[in-house]
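Got the viewer open? Let's walk through this one stop at a time, with something to select at each stop.

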Amino acid sequence: MSRPRTPSNVLELKGAFDKNPQRRREDPKVDLGLGEPPEYFEAEERAIWEEIAGQAPEGVLAKSDRLCIEMLVPMVLRLRRREPMKAAERAFMLSTLTRIGCTPADRSRVAKPAEPQEQLDIWGVLAASNDKGAA
């Protein structure tokens with residue numbers, strides 16, 4: 001099974017296009033932000049929804065992810081109630097959390113750098129030093 005395609009907004013947050021801007025692609029536009037929990041959710045489920053939305057890195061979740069998070073919330077609730085879960089359900093939970101950047105390794109992959117770093121123009125430095133030596 002091949003690796004799932006990484007969304008462009010996640011690649012942007014990782015800085016993947018800095019080195020290779022020609023690889024930038026236009027993904028379908030989505031409304032960022034998960035929005036409010038579904039109306040039928042109970043209080044505990046709403047709290048988990050808000051927790052997941054708050055823990056996901058900024059700019060990752062969109063309205064189109066609502067169904068996925070809607071499926072994740074009851075599983076997290078079952079986990080917290082210590083109800084028995086199948087291995088496939090636990091795998092789905094971990095896979096979903098991984099895809100939205102909510103595990104330590106994946107969070108570091110989508111973290112936006114605080115400040116852009118300036119790159120040293122080595123050719124400009126060499127040219128300036130050669131100009132000083134020629135004078």
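Start with everything shown: of the 135 residues in the protein, 25% are buried. Keep in mind that you are looking at a predicted model. Colour by secondary structure and you get seven helices and zero strands, so to speak an α-α-α-α-α-α-α pattern when read along the sequence. How much of the contact map links residues 24 or more positions apart? Counting contacts with a separation of 6 or more, such pairs make up 53%.

Now switch the colouring to pLDDT. The mean for the protein is 81, and 79% of the residues reach 70 or more. Select residues 112-117 next: here pLDDT stays under 50, and the model has two contacts beyond four places in sequence for this stretch. Where pLDDT is low, the predicted coordinates should not be read in detail. Let's move on, then.

**Helix α3**

Select residues 43-55, which is helix α3. Its 13 residues should span 18 Å at 1.5 Å a residue, and the end C-alpha atoms are indeed 18 Å apart, which agrees. Which residues of α3 are buried? Show the side chains of E45, I48, W49 and I52 to find them. These four cover an arc of only 105° around the axis, so they sit on the same side of α3. Now rotate to the face turned away from that buried side, where you meet the exposed residues A43 and G54. And what covers the buried residues of α3? Part of the cover is α4 (66-80), which is our next stop.

**Helix α4**

Select α4 and check its length in the same way. With 15 residues at 1.5 Å each, α4 should span 21 Å, and its end C-alpha atoms are 21 Å apart, which agrees. Display I69, L72, V73, M75, V76 and L77: these are buried in α4. What do they pack against? Add α3 and α5 (87-99) to the view, and you have the partners of the buried residues of α4. Before leaving, click on R82, which follows α4 and has a positive phi, near 60°.

**The aromatic rings**

Time for some rings: the structure has two aromatic pairs. Pick Y40 and F41 for one of them: the ring centres are 5.2 Å apart and the planes stand at 85°, so this pair is edge-to-face, being over the 60 degrees needed for that. Are these two residues buried or exposed? Y40 is exposed, because its relative accessible area is 53% and exposed means over 50%. F41 has 5% relative accessibility, so F41 counts as buried, under the 20% limit.

Keep F41 on screen and add W49, a residue you already met in α3. F41 and W49 form another edge-to-face pair, 5.9 Å centre to centre with 80° between the planes. With a relative accessible area of 0%, W49 is buried. Put Y40, F41 and W49 together and you have one aromatic cluster.

**The cysteines**

For the last stop, select C68 and C102. How many disulfides does the structure hold? The count is zero. A disulfide is a covalent bond between the sulfur atoms of two cysteines. Turn on the surface to compare the pair: C68 counts as partly exposed, at 31% relative accessibility, whereas C102 is buried, with a relative accessible area of 16%.

Methods: Residues are numbered from 1 along each chain as its sequence is written. Side-chain values use heavy atoms; hydrogens and water are left out. Rings of Phe, Tyr and Trp (its six-membered ring) pair if their centres lie within 6.5 Å; planes under 30 degrees apart count as stacked, over 60 as edge-to-face and the rest as tilted. Buried means under 20% relative accessible area, exposed over 50%, partly exposed in between (1.4 Å probe, protein chains only). A disulfide is a pair of cysteine sulfur atoms within 2.5 Å. pLDDT is the predictor's confidence in each residue, from 0 to 100. Contact means heavy atoms within 4.5 Å. Helices (H or I, at least four residues) and strands (E, at least two) are DSSP runs, numbered from the N terminus. The expected span of a helix is 1.5 Å times one less than its number of residues. The arc is that of the directions from the helix axis to the C-beta atoms.
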